[in-house]
Amino acid sequence: MHERTAQDELAARLRLLQELSGLGVRALARDTGLSSSSLSRYLNGQTVPPWPAVVALCRLVKRDPRPLRPLWERTSNPLPAPPKSSRQVRPPARNDLPRDAPDFTGREAQLAAVLDAVDSHRAVSVDGMAGVGKTCLAVHAAHRLAADFPDGQLYVDLHGFTEGREPMDPDSVLRMLLGALDVPSEKVPQEGVEQLAACWRSELARRRVVVVLDNAADADQVRPLLPGAGDSVALITSRNRLLGLDEVPPVSLDVLSPQESAELLARASGDPGGPDGRLARDPESAAEVLRLCGHLPLALRLAAARLRHRPGWTVGILVERLAEGASEFDTAFAMSLRQLSRSQARLFRMLGLLHGASFDEYVVAALADVPLRSARETLEDLVDAHLVQQPTAGRYRLHDLVHQHARRAAAEQDSAAERERALGRVLDYYVHAAAAADAAMPFLSPSRTASAGRPPAELPRFPDKNAAIAWLVTEYGNLIAAFETAAAVGSDVHVSELPRFLRAYFARRCGTTHLNVLFERSLAAAERLGDPLQLAEAHSDLGFARYNAGRTAEAAAAYEAAERHVSQAQDTQVEAELAMRRGYLSWDAGHVEEPLELFRLAGKLYEQAGSPAGVAHAAASEAWAMLQLGHREEAAQRAREVLGVPHTDPAWPPALTARITLGVAIAHEEPDEAAEHLRQALALARDDGHLHNQAWSLNCLGVALRQMGRYEEALASHREAFALLDELFEEHWKLRFLNGYGETCRLAGLPEEALRLHRQALELAPRLGNRYEEALAHEGIAIVLDGTDPAGAAEHRASGQAIRQELSPGAY
């Protein structure tokens, strides 16, 4: 059975359960604890439900769910797709595994236990004290398993026991893992760990992937990350026994045996063995090395590295150096540091100030205030000394214990002033690097140049938006860590400025909730600084975040506050941007003439500010407002003017709005040209990775196709748009499109569906303060009811006319 057939059959069986319940979708969702939007997708066969959802539906109608299990498993584990053409090259599977230890020693029984547990339970947890070799064992096992799991080998450090850093939350980890599998962003839920975990399990169910979840804090952190149905496996490491994971068998590690420790020391140090080897010539000193290292693999490897790189040393000298330290960890680390040059040791200590999971040479150059080439060469030396790890080309990380030692060494050997200056350089770097990435990405209007601190000597280069997005994806955790660090040390200028350069990234990859929180804190920092320009920008940015989250009343209040500061700031660019944003909000509030006036004002201000892109943006929005007022010819002419402006960027942002406007405006007269403009707009939105703009393009394409009388194509376009909006988990965005979708359904002969959509709009509009869409909803309901309920139709029509009269007195 093909995947689509199995999925359709499962949906049909679920609809039978709904019929047995006698409940509508909303009531059925309430009684089963499911969301109505998700349940609707399950019943329509758009999405495969998680198994607990199937069980909940069966239990509600007192039916045994077990007969459905084989069918559900076929939908969750479809047959592989037919082979692609030989001309198509399949991208290589993601492999994030650190390098397998070439000197892996002992652990035969534990390795066998790990592999057996993976085979029987598809998950295993490896626990033990710090430095005992948990990660080494898990990574070694993962390399052994890699050939049997060709769809990906993933690794993530959960930072359960990283000094100076909070453990990673499951939400962030799931987004990283889904990104590692190249799951399209439109399929990734924007909010909710449960939804993210379900998406993760669904993706694993149809792949063979091995995942190493390293350094877990507790069972709660790991539970959402475990695979569900399917063949994928997870290897977990933690310093604690994860007693809460009953379904995951544990494998506990102790220190190495004396024999294994001696073998590891010999192999890692390159000792030739036999009577001529250094270890054999001084067995008592060799035994003392093992004791001082506590038979811990990490300490043994660090001690061995010193012997390997110092052929003139005896084992007795190594013992003396180890004995100078306070513990088996610190002695090994301190001994390693003493072999470094002064500049190498200083840079190593500075690395302890970094908080991210991994880092690159650019931030290290800024941290240590050295040239990029020097930073790169020193990092390579530290990798050779086993003090720094290099999981992938260009990325570095510190083992937890090494990181702790580096922090302690910096506190002991570097002055507080020097550490403060180094941390300040890191914060400066992330603000300026984020600004450079932001400048490479199209947005409403470019952010101003970063002003926080001192620009670093060298920054990554971003030749296009794809390079910028890739950098932001990789550095996202570090950017948030930098923001939190700035907040912790009271660096208000960095807290105020950094979120502004993440707006374009958030618009493409993240939901609105986190962005609202960042801008709330950014505004608080700007208020402490008291600079009118920063205050104007912070209030304006917070207002735009509120607007995108559907919190229109709060957005209006933020814009009013921004306007008070704009007059003091005397920055025309910020004033123009605020006028544009107020225009969007005014339109959503249902005003008709005011948005047009605000867009025209923004155009004049952008012209004064010398921003051609801003002028074009304002003109495109002006054309869109004209279209909504029914001035089709004027809107089309203005849109053509925008498209005629010369530019070099193929994804020039004003072109999206202009093409959408033009496509809808000329749909009657020039259907072929209209469809082409709208499809080009959709291609621009997809290329940009902006899901909201994709939904907007698809809905407007649906409207245009409806005006052409192509109802089936129009419905398909609307449905695709709403499928995207469902994935965004932001219901307020639907209000912009519900009434247009409803009108298409009515003309396509689906009055009941049209009535449902208009009523949904009528429910959302008052809550979101959108009086215009509220009026349209009343009018749409009236048209549908005309033939069946004249009294109801008259009531709704009167309500719509009353709202329109309220919005624009004298116009109706």
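**From a threonine in a loop to the whole fold**

A polar atom in the side chain of threonine 105 sits 2.6 Å from the backbone oxygen of aspartate 103. Before going further, a word on the model: this is a prediction, so local features are taken at a pLDDT of at least 70 and side-chain atom pairs at pLDDT 80 or more, while totals for chains, interfaces and linings use all residues. Numbering runs from 1 along each chain as its sequence is written, and side-chain values rest on heavy atoms, with hydrogens and water left out.

Back to threonine 105. You'll find threonine 105 in the loop between α5 (69-76) and α6 (108-121); helices here are DSSP runs of H or I with at least four residues, strands are runs of E with at least two, and both are numbered from the N terminus. Is this loop residue buried or exposed? Threonine 105 counts as buried, because its relative accessibility is 5% (buried is under 20% relative accessible area, exposed is over 50%, partly exposed is in between, with a 1.4 Å probe and protein chains only). Setting aside neighbours within four places in sequence, threonine 105 has contacts with Leu256, Glu260, Glu263, Leu264 and Arg267, a contact being heavy atoms within 4.5 Å. With arginine 267 there is also a side-chain to side-chain polar contact of 3.4 Å. That term covers a pair of N or O atoms within 3.5 Å; within protein, one has to be able to donate a hydrogen and the other to accept it, and residues adjacent in sequence count only if both atoms are side-chain atoms. For a sense of distance, go 105 residues along the chain to valine 210: its C-alpha atom is 22 Å from that of threonine 105.

Now for the charged pairs. How many salt bridges does the structure hold? There are 46, each being a side-chain nitrogen of Lys or Arg within 4 Å of a carboxyl oxygen of Asp or Glu. Take glutamate 475 and arginine 395, whose side chains meet at 2.6 Å, N to O. This pair ties together distant parts of the chain, 80 residues apart: glutamate 475 belongs to helix α22 (residues 465-489), arginine 395 to strand β7 (residues 395-397). Both glutamate 475 and arginine 395 are buried.

A more local case is the salt bridge between arginine 421 and glutamate 418, at 3.1 Å from N to O. Both of these residues lie in helix α21 (residues 416-439), three residues apart, which is about one turn of the helix. An α-helix has 3.6 residues a turn, so residues three or four places apart point the same way. The two partners differ in cover: arginine 421 is partly exposed because its relative accessible area is 47%, while glutamate 418, at 14%, counts as buried.

Then there is arginine 771, which forms a salt bridge with glutamate 806, the closest N and O atoms being 2.5 Å apart. Here again distant parts of the chain are linked, with arginine 771 in helix α38 (residues 771-785) and glutamate 806 in helix α39 (residues 790-807), 35 residues apart. Arginine 771 is partly exposed at 24%, and glutamate 806 is partly exposed at 48%. Elsewhere, Arg500, Arg503, Glu537, Asp541, Glu577 and Arg581 are joined in a network of salt bridges.

Helix α21 deserves a second visit, since histidine 432 is there too. Histidine 432 is buried, because its relative accessibility is 9%. Not counting residues up to four places away in sequence, histidine 432 touches Ala450, Ala452, Gly453, Arg454, Pro455, Pro456 and Leu459.

Further along is helix α32 (residues 653-665), where twelve of the 13 residues are buried. Among them are Leu656, Ile660, Leu662 and Val664, and also Arg659. The cover over these buried residues includes α30 (612-628), α31 (632-643), α33 (671-688) and α34 (691-707). At 1.5 Å a residue, α32 should span 18 Å, and its end C-alpha atoms are 19 Å apart, which agrees; the expected span is 1.5 Å times one less than the number of residues.

Finally, zoom out. The protein's secondary structure comes to 39 helices and seven strands. Its C-alpha atoms fill a box of roughly 105 × 70 × 50 Å, taken along the principal axes. Of the 812 residues, 56% count as buried. Among contacts between residues at least 6 apart in sequence, 67% join residues at least 24 apart.
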